[in-house]
Amino acid sequence: MTPLLSVVSRVLLRVTAMCAVAGVAVVGPRRLYAAAGNLIPYVREARTEFATLLVVLLVSAFGRDTLQTVSEVAGLRLTGTIYAMEGGFVAWIQSTFASPRLTLFFSSVYVFGYTFLLVFPFIAYAALPESTTLKRVVVAYGLNYAIGLVVYTTVLAYGPRNVMPDAVTPLLYTFEPTYQTLVAEVNENTNVFPSLHTSLSVTVALFAVRTREEYPGWTAIACPLAAAVVVATMYLGIHWLTDVVGGTLLAVGCVSLSSRFVEPDGADGEGDGNASPPGDAPSSPRHEEDPTR
Amino acid sequence: MGEISRRRALAGIGLAATSAGCVGRVQNIAGREGPSQLELTIRTTPADEDPHAVRIARSLAENLDAVGVDARVDTLGGADLRRAVLLNHDFDLYVDQFAGVLPFDPDALYALVHSQFAAETGRQNPFGFTDLGVDDRLDAQRTATPAERTDVVAALQRTLCEQQPFTVVGFPDALAAVRADTFVGWETNPPLSALGLLALDRVVGAPGDGGDGKGDSETGSDGNEGSDAPDDPDGGLIDDSLDDSLKDSFDDPLEDTPIDGSDDGPITLQLATTDERITENWNPIAAEYRRHGTFTSLLYDRLAVRDGGTVIPWLARDWERTDPGVYRVTLRDARWHDGEPLTADDVAFTYAFLRDTSMGNAETAVPTPQYRGRSSVVESATAVDDATVRLTVGDAGRAAVERALQLPILPEHVWRERTGAATIAGFDLDAETTAAIVATNDDPVGSGPLRFVESTPGESVTFERNPDHFLDRLDPDANGSSAPTTDPANRIPDAYRNKPAFDRLAVEVVGSDVAAVERVANGYADGTASNLGPDAVPRIARESGTRLVSTRSAAFYYVGYNARRAPLSNPRFRGIVASLVDKSRLVDDAFAGYARAASSPLAASPAWVPEELRWDEERERDPVYPFRGDDGEVDVGAVRDALRDAGYRFAGTGELLARDP
């Protein structure tokens, strides 16, 4: 267990540092101070959303073994089909672009960049004057995990590094084998479709585009970083192109669903959901929708 | 798809047709099923679990594709693959490793290809291969005199190499990454074998050493060590010099601090494996969960074990032939892990049980899914007294009988309760499956030198030394003294006396062969216990304190064909597929050179292999079905000609055509 702890602490250390730097640069000290004040009321307002996300994560963490068994008994075995569909695309990426420096870059992006990408929106959107975006992000994360878990159980497929080890090197694990310990803790190697790295990164990028007025700096960071994560999943030999396409579609679906589930806050910002929505959103009689719907 | 639309179109024409003659002709055409491209799926384990098998599968699939077959590779997890192949016979081709690390007697082929097992499920004849000549020779080698047997076995191999029920690819070396700071003696036997683990010695002066460690016992290694690792396998994608400097900046200042040998705790032998099955199931007869049976052999003793070239008495104190076809076996004083005494009744029960796990309760016998060849030798087993068993073996010769003595002995008081039909929630599943076959066998009760402690499925399993085992009671110096060697107790070699040299054996599941090597390099494990591929082997030389040990192994890799399915039912077709397996190239690429290409499944025991079936070292080619091509490139024209000669046809665009089954 000790190697795992050392990897986890390494990731925590890096990501905290990245968040601190980005927090000051993108959000600014003043708004960060506001975020600290917003923390308690926002969490209280978004308690349904946070609770739902927590439930999904707990199910994902503790039900994984059971669902994996279900998947092995009744899941669709699609490894051969995916491979027959896209062939050696991932192998082509590696053979064309791979270099030691790129491997270092994409490994860092895959582990540290991705975690940073997922964590930073909580800080940035907590600093906004209303909690709508924060709630939507939480709902979108929850949807990504929930739908991802269902598809993982339905589809049993191995990634390219497991099928064509002669042509696709598992660059991340060859470069830094301890990461396999970390990844094995949070994922099974039969869960490749869809790519949750892709879907969550694209989700964050889509929100970053929506909040470009408030945080132009974040948009400029998040979009290229998300794109790099997406490429990294294939460059490192972990995901098929098919997984990436599936992940992108999942992200688009989850973001648009989150907007339908979470209505914009009232102008009073108190978040009891009774105020009339501002004009930029389609008016609808629903308030404080249950995000699990 | 094509044929359906064609039939629809023809149906339309049929409706439009008015004359009776025309209708008849249309019916004649539309009623025929058109041919379509032949699709073949090669099933195997993913690279994380076995670095070699999927490489073989991919290479064969590419070569099949090149000649016009739509070949696919499908990866399945360890137990999943064996369930599909061995139990459900749901496969076209599969790539796997034969389950036997130590050189084996030709009688091992009996269960593998005898047609009497084609209808059974399990490791016995998964190919559905049937050939009367092969059956005759398999039976003959059991009863032949030693002089005749060589000829019979040679003839058997000739037929098998020609018929190709499976294609032998090569014999890999048993490789392991090990540390020698706590245990030594890794080279004595293949480290993946039960005896190999028992032969380990504790290093004198190692943490917790009680002083009884024998120190440097690094005897006769026939393998190469460490430094001759082949070239970088990642094709320069990870440049080593750059790698180190970059990694320094990438790594964290928090140094890994292994929790090595804390002072007074139990001495643990820690192994890393990529095979999680031993953390989930401890049933010695569950074919889909066993690999080489290393750990179950340490839980369940056998009457005899094979040590190098000789068979030595183990749980049996001795045996002798009393009459033609009758053996009298005397047992050592032993107890089961739960404290019950082990008696001759348990042994008699085991032999009856392995032949019919329902013990007569089912309408027809339900044999075990493995050990089928061995259990078929013993016709009956009777307890004479508490410590004596009489085995009736018919005409079987010494080699077959010695193999039959190497079966795990099971406690009757545990397994008798598992002879009923397997049920799920009270419903019978299928009359041909007993509870014994599907039992996970939690908390296994054996009599072996190790007993089960605990496990976390998918993560780890722990065993501990059985202080009650006979190895512990042997006089350590008997062999060195003047004691008469007629005492059978003295026939246990020194290497296994008062063993194991550890109090606990812990096996941890890791993500891949590379991760397993890393565990050893960082001091979290003493050795690896699963196959190491071309990505992992070169790392061993790079890490300080870690060595590569390599011993020859009999566990060959092979491509199995489902002879129940056309066109794999045709030996000519199988022969052409065999000629698409580029064995010498696979030895270089998939095994990084740590293997020997072969044609015969007995190549690890060269004395049995006739001259004309030996691998052609000079020209690096198979003596029977040489690779049709050069330098890894298939000679498509030649292969297609061979297929056409065998009666197969091609579409104008080059696809190999097949009738849908």
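Two strands are said to pair if DSSP finds at least two bridges between them. I noted this rule before opening the model, which is a predicted one.

**Entry 1: strand 8 of chain B**

I looked up strand 8 of chain B, which covers residues 268–273. I found that 5 of its 6 residues are buried, so that, by the cut-off of 20 or more other C-beta atoms within 10 Å, the strand is mostly covered. I then searched for its partners. Strand 8 of chain B runs parallel to strand 19, residues 504–509 of that chain, and 6 bridges join the two. A second parallel partner is strand 20 of chain B, residues 527–528, joined to strand 8 by 2 bridges.

I also recorded individual positions. B:Ala272 faces B:Glu508 in strand 19 of chain B, and B:Ala272 also stands opposite B:Thr528 in strand 20 of chain B. B:Leu271 has B:Val507 of strand 19 as its bridge partner.

**Entry 2: strand 19 of chain B**

Which residues form the covered face of strand 19 of chain B, and which the uncovered one? I listed B:Leu505, B:Val507 and B:Val509 on the covered face. The uncovered face holds B:Arg504, B:Ala506 and B:Glu508.

I next checked strand 18 of chain B, residues 460–465, and found that it pairs with strand 19 in the antiparallel sense over 5 bridges. One position I wrote down is B:Phe463, whose bridge partner in strand 19 of chain B is B:Leu505.

**Entry 3: the two domains of chain B**

I noted that chain B is divided into domain 1 (100–172 + 555–635) and domain 2 (279–456 + 469–494). The C-alpha centres of these two domains of chain B lie 29 Å apart. How many residues does each domain of chain B give to the contact? Domain 1 of chain B gives 18 residues and domain 2 of chain B gives 15 residues.

On the side of domain 1 of chain B that touches domain 2, the elements giving two or more residues are helix 5 (108–113) and helix 6 (132–143) of chain B. Helix 5 of chain B supplies the largest share, 3 residues. I sorted this side of domain 1 of chain B by class and recorded 8 nonpolar, 5 polar and 5 charged residues.

**Entry 4: the largest nonpolar core**

I found 251 residues in the largest nonpolar core, where B:Ile42 and B:Ile56 have the most contacts. The largest share of this core, 11 residues, belongs to helix 7 of chain A, residues 100–126. Where does the core lie with respect to domain 1 and domain 2 of chain B? Both domains give residues to this core, so it lies between them.

I followed B:Ile56 further. Setting aside its neighbours within four places in sequence, I listed its contacts as B:Val95, B:Val169, B:Tyr557, B:Val559, B:Leu586 and B:Ala590.

**Entry 5: chain A and A:Thr203**

I counted 14 helices and 2 strands in chain A. Of the 293 residues in chain A, 47% are buried. Among the contacts in chain A with a separation of 6 or more, 85% join residues 24 or more positions apart.

I chose A:Thr203, in helix 12 of chain A (residues 196–210), for a closer look. Why does A:Thr203 count as buried? A:Thr203 counts as buried because it has 30 C-beta neighbours inside 10 Å. Not counting residues up to four places away in sequence, A:Thr203 touches A:Ala140, A:Asn144, A:Ala251, A:Cys254 and A:Val255. I also noted that A:Thr203 and A:Tyr141 are 62 residues apart in sequence, while their C-alpha atoms are 7.9 Å apart in space.

Notes: Residues numbered from 1 in each chain as written. Chains lettered and ligands numbered in written order. Predicted model: local features only at pLDDT ≥ 70, side-chain atom pairs only at ≥ 80, totals over all residues. Domains from an automatic or database assignment. Contact = placed C-beta atoms within 7 Å. Helix = DSSP H or I, 4+ residues; strand = E, 2+ residues; numbered from the N terminus. Nonpolar A, V, L, I, M, F, W, Y, C, P; charged D, E, K, R; others polar. Buried ≥ 20, exposed ≤ 12 C-beta atoms within 10 Å, placed from the backbone. Core = buried A, V, L, I, M, F, W, Y, C linked by C-beta atoms within 7 Å.
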